[in-house]
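Work through the exercises below with the sequence and the model at hand. Each task is followed by a solution in steps.

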Amino acid sequence: MAQGKSLNFRERFCDKSIASVAYFLPLFEMIQAFKFSCLNIILPLDQLLLSGPLPKFLNFSATNSISLFAFLIGYFFIVRPKLTFRRFVRFNVAQALLLYLVSTLLCYSYFMIPVLIKQSIFGFIIESIFYLAIVGTTTYSMTSVFLGLYTDIPILSEAAEMHVP
């Protein structure tokens, strides 16, 4: 009986960790694109976070081929029902991949803004909103995954429901 409970705990722990690791993809995308500029006013996070092992993780998003490869692996091997992952894992990975697409779209749309606007207070506000929206959504989603709940992000949840039967 005790072994069955520990196996159940291990399965739940593996499911939660696989589902939560997928949310690092949009998080690293935003960190790489905006480099903490919206939070440097309060605390110099560049020196604090970029001095340790984090630069090696940030290089993950620096090359688009690695992030594309991670996206394709996540979609074809986890979201698609070819392997036997639970619906909870597949739903959260699908939602994380959709959140990654949204964060990439936000990054590219910000980079299309002229430099004159980006260097003004208006550009700073846009950058801060984009960064904090994705980081907040990712934090909320990872917390929900660790609690074992399905995250309800308005449009992304419905799209993830369509991908996961």
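## Exercise 1: the largest pocket

Helices α1 (2-21), α2 (24-34), α5 and α6 (87-111) each supply at least two residues of the lining of the largest pocket. The model is a predicted one.

Task: State how much space lies in the largest pocket, and describe its lining by residue and by type.

Solution.

1. The space in the largest pocket comes to about 250 Å³. The pocket is lined by 13 residues, and V21, A22, L25, A70 and G74 are the closest to its centre.
2. Helix α5 gives the largest share of this lining, with four residues.
3. Sorted by type, the lining has 12 nonpolar residues, one polar residue and no charged residue.
4. Take A22 from the central group. A22 sits in the loop between α1 and α2. Its relative accessibility is 14%, and buried means under 20%, so A22 counts as buried.
5. A22 can also be placed relative to L99: the two are 77 residues apart in sequence, while their C-alpha atoms are 10.0 Å apart in space.

## Exercise 2: the environment of α2

Task: Decide whether α2 is largely enclosed or not, and list its buried residues.

Solution.

1. Count the buried residues of the helix: nine of the 11 residues of α2 are buried.
2. These are L25, P26, L27, F28, E29, M30, I31, A33 and F34.
3. With that count, α2 is largely enclosed by the rest of the structure.
4. One contact region can be located through L25. The C-alpha atoms of L25 and S67 are separated by 7.5 Å, although the residues are 42 apart along the chain.
5. S67 belongs to helix α5. S67 has a relative accessible area of 2%, so it is buried.

## Exercise 3: salt bridges

Task: Find the salt bridges of the structure, and for each one say which parts of the chain it ties together.

Solution.

1. The structure holds two salt bridges. The general basis is that side chains of opposite charge can pair when their charged atoms come close.
2. In one of them R86 pairs with D15, and the closest N and O atoms are 2.6 Å apart. R86 lies in the loop between α5 and α6 and D15 lies in helix α1, so this pair ties together parts that are 71 residues apart in sequence.
3. Check the exposure of both partners. R86 has a relative accessible area of 40% and is partly exposed, whereas D15, at 12%, counts as buried.
4. The other salt bridge joins R87 and E161, with 2.6 Å between the closest N and O atoms. Because R87 is in helix α6 and E161 is in helix α9 (residues 154-163), the pair ties together parts that are 74 residues apart in sequence.
5. Here R87 is partly exposed at 29% relative accessibility, and E161 is partly exposed with a relative accessible area of 40%.

## Exercise 4: a nonpolar surface patch

Task: Identify the residues that form a nonpolar patch on the surface, and check the exposure of L68.

Solution.

1. The patch is formed by L68, F69, L72, I73, F76, F77 and L83, which together have about 650 Å² of accessible area.
2. L68 is located in helix α5 (residues 64-79).
3. An α-helix has 3.6 residues a turn, so residues three or four places apart point the same way.
4. The relative accessible area of L68 is 47%, so L68 is partly exposed.

## Exercise 5: the chain as a whole

Task: Give the order of the elements and the share of buried residues, then examine S144.

Solution.

1. The chain has nine helices and zero strands. Read from the N terminus, its elements run α-α-α-α-α-α-α-α-α.
2. Among the 165 residues of the chain, 39% count as buried.
3. S144 lies in helix α8 (residues 121-147). Its relative accessibility of 7% falls under 20%, so S144 counts as buried.
4. In sequence S144 and S20 are 124 residues apart, but their C-alpha atoms are 9.2 Å apart in space.

Terms used. Residues are numbered from 1 along each chain as its sequence is written. This is a predicted model: local features need pLDDT of at least 70, side-chain atom pairs count only at pLDDT 80 or more; totals for chains, interfaces and linings use all residues. Side-chain values use heavy atoms; hydrogens and water are left out. Patches are made of residues with over 30% relative accessible area and no salt bridge: like charges are joined within 9 Å, nonpolar side chains (Val, Leu, Ile, Met, Phe, Trp, Tyr) within 5 Å. Accessible areas come from the Shrake-Rupley method with a 1.4 Å probe; for residues, only the protein chains shown count as cover. A salt bridge is a side-chain nitrogen of Lys or Arg within 4 Å of a carboxyl oxygen of Asp or Glu. Buried means under 20% relative accessible area, exposed over 50%, partly exposed in between (1.4 Å probe, protein chains only). On a 1 Å grid over the protein atoms alone, a cavity is a set of points where a 1.4 Å probe fits but cannot get out, and a pocket is an open set with protein on both sides within 12 Å along at least five of seven lines; lining residues have an atom within 4 Å of a point. Grid points are joined across faces, edges and corners, and a volume is the space filled by probe spheres set on the points. Ala, Val, Leu, Ile, Met, Phe, Trp, Tyr, Cys and Pro count as nonpolar, Asp, Glu, Lys and Arg as charged, and the others, Gly among them, as polar.
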